[in-house]
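Colleague: I should like to understand how the descriptions of this protein were reached. Please set each value against its definition.

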Amino acid sequence: MGNRPSTYELIARAFDFVHDLNEGGGETDDDFDSALADFIEDSDDKIAALRTVIARFDAEEKVLADEIKRLQDRKKSISNRKTTLKSSALKLVQAALMLPNAPIDRKNDRRLNFDTYSVSVSVSRAVTIEDPEAFIARNKGTNMVRVSETINKTAVKSALSKGTVVGASLIDNQSLRWS
């Protein structure tokens, strides 16, 4: 099997064939027909090769998607276990702070000092919203509610099918379907 032309070379040859046909008024000769047959065979080989590579990429994409899901699930599991362990550690430290003779820091009554480490309980505040929809309705227009605007492309497409929409247009996309 000889050196096959690149995809770019095949595309350029296709344009050359169209140009030659236009220049010759649609007439062809044996040389043109032979070259066209070679082009069609080369294109068939190239498309088949591209299809094989695309299929391999599809398979790799699926494997990677499955691996990403597995890793995300593992990350969530580890995160949940870490949260459970932190909660257990907090309860244990809180219990130890209530015991007499606990190694409590003299300057900070929320801190335990051990031989190899120290641990303290810190307090922070977090906001919790009981009913987010009601909160938003009551506080819309204040700095407590952010509004993000996004374009509803489905609605724009529907409006474009009925007429023109300033600033929007429909474009045709082409894709391959293998069978």
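Colleague: What phi does glycine 25 take, and where does this residue stand relative to H1?

Modeller: Glycine 25 comes just after H1 and takes a positive phi of about 65°. This is a predicted model, in which local features need pLDDT of at least 70, side-chain atom pairs count only at pLDDT 80 or more, and totals for chains, interfaces and linings use all residues. Residues are numbered from 1 along each chain as its sequence is written, and side-chain values use heavy atoms, with hydrogens and water left out.

Colleague: What makes H1 a helix, and how does its reach compare with the expected span?

Modeller: A helix is a DSSP run of H or I with at least four residues, a strand is a run of E with at least two, and both are numbered from the N terminus. H1 covers residues 7-23, which is 17 residues. The expected span is 1.5 Å times one less than the number of residues; H1 reaches 24 Å from its first C-alpha to its last, close to the 24 Å expected.

Colleague: How does H2 fare under that rule?

Modeller: H2 has 69 residues and reaches 100 Å between its first and last C-alpha, close to the 102 Å expected.

Colleague: Why is the protein called more spread out than a compact globule?

Modeller: The protein has 4 helices and 2 strands, in the order α-α-β-β-α-α along the sequence. Its radius of gyration is 34 Å, well over the 16 Å that the globule rule gives for 179 residues, so the protein is more spread out than a compact globule. The radius is taken over C-alpha atoms, and the rule is 2.2 Å times the number of residues to the power 0.38. Along its principal axes, the C-alpha trace spans about 105 × 50 × 30 Å.

Colleague: Why is asparagine 101 called exposed?

Modeller: Exposed means over 50% relative accessible area, buried under 20%, and partly exposed in between (1.4 Å probe, protein chains only). Asparagine 101 has a relative accessible area of 82%, so it is exposed. This residue lies in the loop between helix H2 (30-98) and strand S1 (111-113). Its phi is near 70°, a positive value in a residue other than glycine.

Colleague: Which residues of H2 are buried, and what covers them?

Modeller: Phe32, Phe39, Asp42, Ser43, Val93, Ala96 and Leu97 are buried in H2. Their cover includes H1, S1 and strand S2 (118-120). In the protein, buried residues make up 9% of the 179 residues.

Terms used. Contact means heavy atoms within 4.5 Å.
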